[in-house]
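Hi there,

Here is the structure I promised to send over. Have a look at it first, and my notes follow below.

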Amino acid sequence: MIAKVIVDVPVSSVNRTFDYLVPDDLTDSVKPGMRVAVPFGPRKLQGFVIELTEEASVQKLKKIIELLDPVPVLTGELLTLGQWVSEKTLCFLITAYQAMIPAALKATYQKEFRLVDGIGLEDLPDEAGEWFKYRENIPLEDLMKVSPTPLALFQKLVQKNFLEVIYRMSDKITKKRIKVVQRRGTEEERVKAIESLSTQAVKQKEILSFLHGYDRPVVLKDLLEMFDTTRSTVQALARKGLIEILEKEIYRDPYEDREFKRTKPLPLTLQQEQSIQPVLAALEEKRHETFLLHGVTGSGKTEIYLQSIDRAIRMGQEAIVLVPEISLTPQMVNRFKGRFGSRVAVLHSALSAGEKYDEWRKIQRKEVSVVVGARSAVFAPFENLGLIIIDEEHESSYKQEENPRYHARDVAVQRGEHHRCPVILGSATPSLESYARAQKGVYTLCELSDRVNKRDLPSVSVVDMREELRAGNRSMFSRELFEKINERLERGEQSVLFLNRRGYSSFILCRDCGYVGECPHCDISLTYHKKQHLLKCHYCGHQEPMPSRCPMCESQYIRFFGTGTQKVEEELTRLMPHARVIRMDVDTTGRKGSHEKLLNQFGEGKADILLGTQMIAKGLDFPKVTLVGVLAADTMLHLPDFRASEKTFQLLTQVSGRAGRHELSGEVVVQSYTVGHYSIDLAADHDYHSFYETEMRIRREHKYPPYYYLSLLSFSHTELLKAVDASEKSASYLRQKVSPGTIILGPVVSPIARIKDRYRYQVMIKYKNEPRLSELISELLQHFQHEMDVNGLQISVDMNAQNIM
DNA sequence: AGCACGCCGACT
DNA sequence: GTCGGCGTGCTC
């Protein structure tokens, strides 16, 4: 039997299957989709079995070394889907497959040196012999740690056949095990055993009697606690052969010690009913259809998700729910765990690799029917999918910004077609792409225009901060916002203050000469971190001490500018000393669980004001929040991104939705320096449709998505000229080959011209119909293959560019 | 990627 | 004559 295997080497020259002989003892167990260890050249690598055949394409074959999985990690569907992903995104097959399984299953490789059989320490020069005194194998890694490294000597000894090289492969799996105790023998034997115990062995007798009447394994730790004894008692029993101590694999359950209040389906409003019906119909008929569920904040989208999933489960099917990483909050998880209990697996980045692996295995073993997770959960290995839901479908985090550069929305639809099941895209502010598709009839549009509790959407007032400045208010709070926060303080209600930090981090500036602290490796200004009193680069990690004098002109008047949450917090405490503030940003939520803790504190009313960045924009639902303040609505508008308006609109709508979700009605104050911009004004009016119309007009005019597709080629090189040259050649090559309607822009220097000492240029391709584009780009990559392999040229391809940075 | 092989200049 | 630098080509 021959296995076609994709090996774990992401380079174009081996982006194909290699044939291996399946040893006789594995022919029954090997299946497509399993991971195997195979010899590859002198090395030992991990690979995926793609196909089993009888015919080999070459004469001399090597054998599979071992199987790494008892059951396939990739289903037949996922194997095909991987191919699709690699074609659509132009990535290597292995990269697509690796993205589908938990990182814990990725192999790590180690190279070690060992004495050849029959060679003794005395045969080696002392310098090498030293190493083998206490160990048989010396990892290459260890040799590299000492300087000067004895690597050359070791290599020489390998050539002389004194040492040999071993390639070790292991995966990062960390299955967690616990010890369990189980009874042994027949009933009679056990009765006899109990009697045979010495009268002094009181505890042993107790334990044995207990186990006698218990036919399942007992967790050792529990047993010890139950009988208030120690390990030695149990071990004594095991030594006598009366019981067995076994190791059992267990799951780490990140939610184990938490109780979930079980919820029942809520009665649906008329609008909800109208939206859910077509979904249920598609479900029942096992028919693929993509629904765009456009519902204002608070319109009860989640209840529609829950009841649709419930139907799928009742039909014996499974469901995937994607949520943006940032809103995968405990509140969100609770809603799903509350309805479906232990049938839910949760996959998000806050889990450790081991925890993620355990959650994933619950899916693989069909122990759950629902997975709630971020982007990569779209690859959950369900085989009987009944429903895929993408909540907040407009979120940019559904697009992976590294290889494979896939969009979870596209993958979801692809899987929906395969399983002939509905896909729901839900949002209060659908992406223009999706809404346009719904308008064209590609997706089915379901609109929820009313809030479930019939509350009006909060009233939004937009404040012109330039006016404030003219009126002599130099603080970052307008008079209106300040006043309203104070009202809330007096009434015992809560406020949420939102600071959009992007493009607004604190940089340092010399007031005398205008010097701005910049990263020496990237063309980007350094960010001041108050806690450590350091300047850091957010792109390459470079850091340097904060200077006390300007490095250029030695002036003392060097200060940091811009507004971070820390600065806002300082000003808040200065202006309102009695207000209790909780600040949430990357600095305060770094540790696992701290995010949840802070939110709980706020929910319990332990603070008056919640101040934070993006992470508080979504999913928060606290009854006492009646005021939302947006400190600077327009910071994002000035970024070099054609989606800036769309993102601003979405963010403002999202944030406004945090206010007045319950009995108390809410108010929103939006501060801005770009007053009169349609994205801000229309968000204040809660007018998605006008925004859609306005923005679509602009997109059409400038030939941007959704009217055109957008692909981006990025070229980077440590030498400026090499980057320019490759990008120019590529642009002119494409211009020659593409169809007349297609637009090739550039090459232009990237918005961040240099990162990690590499100069960056880009070429943008806008097209309506260009079936040969993938092919053309593949040709380009092939042409530059050599320069990429040996001369340090990097070309990255994004077939569906979301951001052009 | 990582490795062997092979060619060429530099040095014991 | 041997060592080690890097360009080339292959991995079932």
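**Notes on the DNA and the cysteines**

A backbone N or O atom of Gly41 lies 3.0 Å from a sugar or linking oxygen of DNA strand C. Please keep in mind that this is a predicted model, where local features need pLDDT of at least 70 and side-chain atom pairs pLDDT 80 or more, while totals for chains, interfaces and linings use all residues. Residues are numbered from 1 along each chain as its sequence is written, chains are lettered from A and ligands numbered from 1 in the order written, and side-chain values use heavy atoms, leaving out hydrogens and water.

Two base oxygen contacts also turned up on DNA strand C: a polar backbone atom of Asp19 is 2.6 Å from a base oxygen, and a polar side-chain atom of Ser13 is 3.4 Å from a base oxygen. These are polar contacts (pairs of N or O atoms within 3.5 Å). Of the 14 residues around the strand (a heavy atom within 4 Å), those that come nearest are Asp19, Pro39, Phe40, Gly41 and Lys62.

Now to the cysteines. An unreviewed UniProt entry places a "binding site" at Cys519, Cys522, Cys537 and Cys540. These residues span 22 residues in sequence, yet no two of their C-alpha atoms are more than 8.7 Å apart, so they gather at one spot. Cys522 is buried (under 20% relative accessible area, 1.4 Å probe, protein chains only), at 0%. Cys540 is partly exposed (20% to 50%), at 26%.

Best wishes

Notes: Polar contact = N/O pair within 3.5 Å; in protein donor to acceptor, adjacent residues only side chain to side chain. UniProt positions renumbered as here; feature names shortened; annotations may be inferred.
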